[in-house]
2 protein chains.
Amino acid sequence: MGKINKREIIIEEAAKIFKAKGFAASSMRELAEQVGVEAASLYNHIRSKDEILEEICFKVAHIYMSSILAVDDLEISSTEKIKRIISAHIQLVTTHSNDVAVANVDWKNLSETKKNLYKEIRKGYEQRIAAIIKKGIETGEFKDVNVSVALFTLLSAIRWVEQWFKPNRSISAEELEKDMITLLINGLKK
Amino acid sequence: MGKINKREIIIEEAAKIFKAKGFAASSMRELAEQVGVEAASLYNHIRSKDEILEEICFKVAHIYMSSILAVDDLEISSTEKIKRIISAHIQLVTTHSNDVAVANVDWKNLSETKKNLYKEIRKGYEQRIAAIIKKGIETGEFKDVNVSVALFTLLSAIRWVEQWFKPNRSISAEELEKDMITLLINGLKK
DNA sequence: CCTACCGATCGGTAGG
DNA sequence: CCTACCGATCGGTAGG
């Protein structure tokens, strides 16, 4: 086991703890115990507590962004684009549940500089989704609703799946995806 | 100005700070400065930092619950019930933005006992909304989707309005409510 | 409502 | 990777 692997274990365990208690309420001593070393030893693998948070937040931000870029230039309908974005994001949220939870809540605890960068990236992918919705409204595919309301209704519904979804029980990841697309595109009403 | 008023000011300012930085990352000294007294003086009005968090979380939980109880027994369609619940929750989220933000995120920092109580209350109103959705599916008003997916898509979309909604700009609280009901009940697609 | 202060805990470093 | 430890900051109290 080289250093790289141990580092990944530390960040993975950190994401679990941060999700459960929040970044500021989680201590390096607690993390060390979970990993199985003394607190001082963590610093052979990571530079600081802040660095762990940065790594988690930007990992999530970049996956979000690239999953939108992958769809953006395709020659498909706005409806199909939104469907694929929902699908990709649900994939992310269900496979990286801890990371998404931390990024959603604890980005506030990033340093001023990193926080601004994070907000910029997030704004970037929000604007790309907004543009898709806008075009769909113009072409008559979508209802004439406020673009921000449509954007954030979509994003909120997806982002917070990690808070309640347990994939083993009476519902699978596939069913989740199918039903969320149905609800967001066609609504609850029959 | 009696003690009650000052106490309310403290809790109001606390909600602002907790929303911006999270409960654990917010200090009593910072809160004191915002209120305009020394840190020690806060304790003439509140018992502890924890007490402030409890007050905020349970205030929100009880408003949520009562807004559902107000609708639950009415002799109206499931669609109409869901519409009214969306409407009431958006009302709460837009008027108590800071409190809702804190309750959504920092309930994790409640003491074990209070946290369990909070989760119980929250589960209570989630189950009532789930029952309404279930009935709507049975009567054929709603599509045959997984009840949990429908429930949490609805709740997530509403709960996180506080994260992006600024009521003064290009969109009013009324437009927000109208469009969210449209999207959640009838979907984005025309 | 303030001054003065306490014990606990924090992130992190030195040195081996 | 550990022992030993530091300075800073925390929530909160005593006493007036």
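This is a guided tour of a predicted model with two protein chains, A and B, and two DNA strands, C and D.

**Stop 1: chain A alone**

Select chain A and hide the rest. Chain A has 8 helices and 0 strands. Read from the N terminus, the order of elements is α-α-α-α-α-α-α-α. Measure along the principal axes, and the C-alpha atoms of chain A fill a box of roughly 60 × 40 × 30 Å.

Now pick A:Glu162 and A:Lys19 and show their side chains. Side chains of opposite charge can pair when their charged atoms come close. Here the two side chains form a salt bridge, with 3.7 Å from N to O. A:Glu162 sits in the loop between α7 and α8 of chain A, while A:Lys19 belongs to helix α1 of chain A. The two residues are 143 residues apart, and the pair links distant parts of the chain. Over all chains, the whole structure has 25 salt bridges.

**Stop 2: the two copies**

Show chain B as well. How many degrees of rotation superpose chain A on chain B? A rotation of 180 degrees does it, with 0.0 Å of shift along the axis and an RMSD of 0.0 Å. The two copies are therefore related as by a two-fold rotation axis. To find where this axis passes, select A:Gly187. Its C-alpha lies 1.8 Å from the rotation axis, and no residue of chain A comes closer.

**Stop 3: where the chains meet**

Select the residues of each chain that touch the other. The contact takes 40 residues from chain A and 40 residues from chain B. Of the interface residues of chain A, 100% are also interface residues in chain B, so the copies meet through the same surface.

The size of an interface is often given as the accessible area lost when the parts come together. Between chain A and chain B, the buried area is about 4100 Å², and carbon and sulfur atoms give 64% of it. How many salt bridges are there between chain A and chain B? The count is 0 salt bridges. Polar contacts do occur: 20 residue pairs between chain A and chain B are in polar contact, both residues at pLDDT 80 or more.

Colour the helices on the chain A side next. Those that give two or more residues to the side touching chain B are α1 (3–21), α7 (147–159) and α8 (173–186) of chain A. α8(A) gives the most, with 9 residues. By class, the side of chain A that touches chain B divides into 19 nonpolar, 12 polar and 9 charged residues.

**Stop 4: DNA strand C**

Show DNA strand C and select the protein residues around it. There are 15 of them, and A:Arg29, A:Lys49, B:Glu38, B:Ser41 and B:Asn44 come nearest. Among the atoms of DNA strand C within 4 Å of the protein, sugar and phosphate account for 56%.

Three residues of chain A can be checked against the phosphates:

- A:Ser26 has a backbone N or O atom 3.2 Å from a phosphate oxygen of DNA strand C.
- A:Tyr43 uses a side-chain N or O atom, 2.9 Å from a phosphate oxygen of DNA strand C.
- A:Lys49 has a polar backbone atom 2.7 Å from a phosphate oxygen of DNA strand C.

The elements giving two or more residues to the surface near DNA strand C come from both chains: α2 (28–35) of chain A and α3 (39–42) of chain B. This surface has 5 nonpolar, 6 polar and 4 charged residues.

**Stop 5: DNA strand D**

Move to DNA strand D. Of the 15 residues around DNA strand D, those that come nearest are A:Lys6, A:Glu38, A:Ser41, A:Asn44 and B:Arg29. Sugar and phosphate make up 57% of the atoms of DNA strand D within 4 Å of the protein.

Select A:Ser41: an N or O atom of its side chain is 2.6 Å from a phosphate oxygen of DNA strand D. For B:Tyr43, a polar side-chain atom lies 2.9 Å from a phosphate oxygen of DNA strand D.

**Stop 6: B:Lys49**

End at B:Lys49, in helix α4 (residues 49–72) of chain B. A polar backbone atom of B:Lys49 is 2.7 Å from a phosphate oxygen of DNA strand D. The side chain of B:Lys49 has a polar atom 3.0 Å from the backbone oxygen of B:Phe23. Leaving out residues up to four places away in sequence, B:Lys49 touches B:Phe23, B:Ala24, B:Ser26 and B:Met28. Finally, select B:Ile68, which is 19 residues from B:Lys49 in sequence and 30 Å away in space, C-alpha to C-alpha.

Methods. Residues are numbered from 1 along each chain as its sequence is written. Chains are lettered from A and ligands numbered from 1 in the order in which they are written. This is a predicted model: local features need pLDDT of at least 70, side-chain atom pairs count only at pLDDT 80 or more; totals for chains, interfaces and linings use all residues. Side-chain values use heavy atoms; hydrogens and water are left out. Copies are superposed by least squares on the C-alpha atoms of residues with pLDDT of at least 70 in both. Contact means heavy atoms within 4.5 Å. A residue is near a molecule or strand if one of its heavy atoms lies within 4 Å of it. A polar contact is a pair of N or O atoms within 3.5 Å; within protein, one must be able to donate a hydrogen and the other to accept it, and residues adjacent in sequence count only if both atoms are side-chain atoms. Buried area is the accessible area (1.4 Å probe) that two parts lose on being put together, summed over both. A salt bridge is a side-chain nitrogen of Lys or Arg within 4 Å of a carboxyl oxygen of Asp or Glu. Helices (H or I, at least four residues) and strands (E, at least two) are DSSP runs, numbered from the N terminus. Ala, Val, Leu, Ile, Met, Phe, Trp, Tyr, Cys and Pro count as nonpolar, Asp, Glu, Lys and Arg as charged, and the others, Gly among them, as polar.
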